[in-house]
Amino acid sequence: MPDTALDRLRREGRIVIVGASLAGLRAAETLREKGFAGTLTMVGDEPYEPYDRPPLSKQVLLGRASAERTALPRRRAIDADWRLGVPATGLDMAARRVRLADGDEVPYDRLLIATGVRARPWPNPGEGELDGVFVLRTRDDGAALARRLADGPRRVLVIGAGFTGSEIASACRERGLDVTVAERGDAPLVGALGGVIGEVAAELQRENGVDLRTGVMVTALEGDSTGRVRAAHLSDGSTVEAEVVVVSLGAMRNTEWLAGSGLGAGPRGIACDAGCRAFDIRGIVTDDIYTAGDVARSPHPLFGYQFLSLEHWGNAVSQAETAAHNMLSESTDRRPHIWVPAFWSSQFGVNIKSVGVPSMGTEILISQGSRAERRFTGVYGYQGRVIGAVTFDNARWLPFYEQQIEITAPFPPPFDTVDRRSEGRHPMPADFPDPSVPTHGPTITLSGYSPADRRMTFTPAGH
C-alpha cells in the first residue's frame, strides 16, 4: 500500500497542543493511544503540569486539600515537549506556526487549541488590585484564597452567585466565616437553572447563614490607607465591610492571542464543526486546526445545531478525545462530538447535578420529590420536548432524563413517575432572566448559527 500523508503524520508528524489543562492532557493521551509516534508539544501559560480545577472551590478552600495536590491523574505516558509558563501569543496559519511569549515559534502539522477560559476580573483595575480582592480559577488563585480564609477574616464578600460563587460562599460558611453574597439577578444560579430553582438555592443559602443580597450590584470597592480592601458599595446605597472580596463574575474565553490570525475566534470562543475542526473567519472549515474544551463553540444536533460553548469537565474530556481521534483519521473515519451536557456542584450539603441545556427551557416540572425537602428532580421543557433536567440530592434519575433528551421525548413527560407530589402535576414557567442581561456564571452559552464571532462586551452597570 502507498504511504499516505496521514501515515506520515502518524509516524513523524508534528502536533502542537496549546492549552495544558484537562482537555489538552486528555487529547495528548488519546493521540498516543491511537498510535501517534511523531513530535508532541504541549504549550501552557501556567508553570504547572495539568491539574484539576473543581477541587479549588471545594476541598482546597475548606483546607482539606492543598492546591499543589490537585494534579490530574495520567492515563498513560505521552512523551511530550512541555513548554509551561510560556503563553502562546500568535498563530500564523499560512506558515503553520504558533508564536510564544518568549519569542520562539513552534511549527505544526496539526494544531489543537484548548486554551480554556479565565476568570473575569473586576472591571476597575485599581480596585481589583487591592490586597484582599481575589478571583478563583487557577491553582495559584486557590492557594492564595485558601490561605486568606485560613486567617479568619471578619467577613467575606462574594460578588456573583453562579456555581463558583455559591460554592465559595458554602466553603466560607463551613469554615464558620461570615459571608455576604451580592448577585445582580433575582436569585443564585438563576442564569444556569432559572428562577424556580434559584428560589430554592436562595433559601438554602439563607438557611445556612449567608447574608444574600439579590437584585443588587457592587458599584465600587474601597481600600484603606495601606491598600487593603475594607468595604464595598452596592447599587442600593448600602455598604458592606469586608476584609476579603471574591469576584465571581463568570469567565472569559482565552482567544485574544488569535486576533488577526484569520481563525474564527472571538469573545464567545473558537467556532468548530461537529468534528472539532476550527472555522476560519470566512466560515470555511480548516483541516489542520482543531479545538476542544471550554474555549470551543460547536454545533449540537440536539439543540437545533446552534453553537454551544460548555464550561463542563466531562465535555472537555469527551471533546478532546473526539478531536484527537479526528486529527489522526481519514475523513470517512471521523466522528462527531455530540456529548449531552452534564454538570455538578456541591454546596451547603446538597449535591446539584444537571443534564442537557436547562437554560433553553421555558417551563419546568418538578417530576420527583419536593423543593421544600431539598430533594427533587426538575425537568425542563422547550417547544413541547424535554431539553434538560436538574436534581438536588436525587441524581439517580439523571441517566433516565439524559435518554429522554437524546430521543427528544415530549414535554411534559406523559408518564406518572414514582414520588410525584402535588407540585409536580403541572409545569411552571422556568423563569430565566433576559439572556441579553449578563448573569453570573451560566455554564452553557448558546451563540447562534454563525461561525464568525461578533464583538461582545460585558459592562456591569455602574461602570
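These are my notes on confidence, cysteines and salt bridges in a predicted model of one protein chain.

**Confidence.** I began with the pLDDT. The chain averages 90, and 92% of the residues score at least 70. I then looked up the weak stretch: over residues 455–463 the pLDDT falls below 50. In the model this stretch still has 16 contacts beyond near neighbours in sequence. I leave those contacts alone, because predicted coordinates should not be read in detail where pLDDT is low.

**Cysteines.** How many disulfides does the structure hold? I found 0. I checked Cys 272, whose nearest cysteine sulfur belongs to Cys 276, 5.3 Å away. Going the other way, the nearest cysteine sulfur to Cys 276 is that of Cys 272, again at 5.3 Å. A disulfide would need the two sulfur atoms within 2.5 Å, so I record neither Cys 272 nor Cys 276 as being in one. I also looked up their accessibility. Cys 272 is buried at 0% relative accessibility, and Cys 276 is buried with a relative accessible area of 0%.

**Salt bridges.** The count came to 28. I went through some of them one by one.

Glu 105 and Arg 97 meet through their side chains, with N to O at 3.8 Å. Glu 105 is partly exposed at 35% relative accessible area, and Arg 97 is partly exposed at 33%.

Glu 243 pairs with Arg 154, and their closest N and O atoms are 3.1 Å apart. Where do the two residues lie? I placed Glu 243 in the loop between β15 (239–241) and β16 (244–247), and Arg 154 in the loop between α4 (139–150) and β10 (155–159). The pair therefore ties together parts that are 89 residues apart in sequence. Glu 243 is partly exposed at 25% relative accessibility, whereas Arg 154 is exposed at 65%.

Glu 207 forms a salt bridge with Arg 374, the closest N and O atoms being 2.5 Å apart. I noted that this pair links distant parts of the chain, 167 residues apart. Glu 207 sits in helix α6 (residues 190–207), and Arg 374 in the loop between β26 (363–370) and β27 (375–382). Is Arg 374 buried or exposed? I have Arg 374 as buried, with a relative accessible area of 11%, while Glu 207 is exposed at 55%.

**Network.** Last, I looked for salt bridges that join up. Arg 26, Glu 29, Arg 75 and Glu 321 are linked in a network of them.

Definitions and conventions:
Residues numbered from 1 in each chain as written. Predicted model: local features only at pLDDT ≥ 70, side-chain atom pairs only at ≥ 80, totals over all residues. Heavy atoms only, no water. pLDDT = per-residue confidence, 0-100. Contact = heavy atoms within 4.5 Å. Buried < 20%, exposed > 50% of the residue type's maximum accessible area, 1.4 Å probe, protein only. Salt bridge = Lys/Arg side-chain N within 4 Å of Asp/Glu carboxyl O. Helix = DSSP H or I, 4+ residues; strand = E, 2+ residues; numbered from the N terminus.
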